[in-house]
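Okay, thanks for squeezing me in. Let me put the thing up on the screen, and then we'll talk cysteines and ligand.

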Amino acid sequence: MRSADRILVLTGAGISAESGVPTFREALEGYWSRYRPEDLATPSAFRRDPHKVWTWYHERREMVRDCAPNAAHRALARWTSADPERRVLFTQNVDGLHDRALDELNEAPHRGGTPEAARPRTLHGDLFGVRCSTCAWKTRHLEPLDPSTLETLPHCPDCGALARPAVVWFGENLDPGILDSAFVEAERASVCLVVGTSALVQPAALLPRVVARGGGAVIEVNPDPTPLSAQSAVCLPAPAGSVLPALLD
Ligand code: OAD
């Protein structure tokens with residue numbers, strides 16, 4: 001890592017586990033062990049029962065609001081903002097905790113706010129974003145929502161249609177600009193640091209494989225093995241909150 005010219009970091013739900021945010025695929029607590037993704041996280045689920053989908057997103061928004069960045073988010077914020085051009089962070093998480101760790105860091109009196117280059121690029125959208133279910137309107141909606149009826153949920157100011165969460169659902173494409181920049185970074189990176197992801201969801205899971213194919217080293221931080229472990233130069237099988245401060249500071 002010291003000699004690497006460019007480092008791509010890919011994070012997943014596991015980095016937020018120590019903040020109290022459930023992951024998706026872990027037994028018992030993982031969302032997809034308790035619910036069916038096709039009922040909550042697909043365009044057809046939203047068409048079928050928008051109220052049910054919004055209720056779930058409302059609950060997740062309120063749960064995340066009560067969580068705080070942990071030692072892993074904070075270590076990454078310090079490390080990426082020390083050299084944001086060469087240390088680029090892509091996250092599959094929609095919880096905003098990487099951003100909040102950066103903001104906490106840069107709100108210190110001697111800092112001048114978070115530089116844009118240090119911001120994580122979010123592959124799967126934003127839990128606090130809403131967008132029109134019909135047209136292109138999009139905004140951030142930080143205040144709590146009222147999901148009591150469909151009428152009390154946000155509607156598009158342009159066309160009047162019901163808004164939806166600005167997240168990527170199963171069967172939807174990722175933002176092409178973000179995805180392209182991720183693959184450009186993966187082609188250029190000589191190290192890929194992969195933290196807290198099961199590495200099962202495409203296209204995000206391809207990024208470390210592209211780095212490895214180009215001769216770069218994959219370093220995996222995950223208490224459990226994943227399909228990526230066999231291709232990793234180094235596996236650090238422990239929680240991100242203890243590994244990342246030690247590794248990056
Ligand atoms: P998963 O739930 O699939 O995987 C979480 C991973 O985090 C597992 O491999 C755990 O072993 C690991 N983990 C748990 N605690 C950890 C800790 N303290 N430190 C480090 N690792 C830990 O979550 P993702 O891989 O992020 O997509 O899932 C990918 C995508 O699938 C999500 O972005 C979401 C989901 O459906 C969308 O919503 C589009």
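So, a disulfide here is a pair of cysteine sulfur atoms within 2.5 Å. With that in hand, take C192: its sulfur is 12 Å from the closest cysteine sulfur, in C235, so that's too far for a bond. C192 is also buried, at a relative accessible area of 0%; buried is under 20%, exposed is over 50%, and partly exposed is in between, with a 1.4 Å probe and protein chains only.

Before I go on, the fine print. This is a predicted model, where local features need pLDDT of at least 70 and side-chain atom pairs count only at pLDDT 80 or more, while totals for chains, interfaces and linings use all residues. Residues are numbered from 1 along each chain as its sequence is written, and side-chain values use heavy atoms, with hydrogens and water left out.

Back to sulfur: how many disulfides does a search of the whole structure find? Zero. C156 isn't in one either, as its nearest cysteine sulfur, the one in C135, sits 3.6 Å away. And C156 counts as buried because its relative accessibility is 4%.

Now the ligand. There are 23 residues around the ligand, and F24, R25, T197, S198 and N222 come nearest; being around it means having a heavy atom within 4 Å. That shell splits into ten nonpolar, nine polar and four charged residues.

On to specific atoms. One ligand oxygen is 2.7 Å from a polar backbone atom of R25, and a ligand oxygen is 2.9 Å from a side-chain N or O atom of W32. On the nitrogen side, a ligand nitrogen is 2.9 Å from a polar backbone atom of A240. Overall, the protein covers 92% of the 800 Å² of accessible area the ligand has on its own, by Shrake-Rupley with a 1.4 Å probe.

Note on methods. Polar contact = N/O pair within 3.5 Å; in protein donor to acceptor, adjacent residues only side chain to side chain. Nonpolar A, V, L, I, M, F, W, Y, C, P; charged D, E, K, R; others polar.
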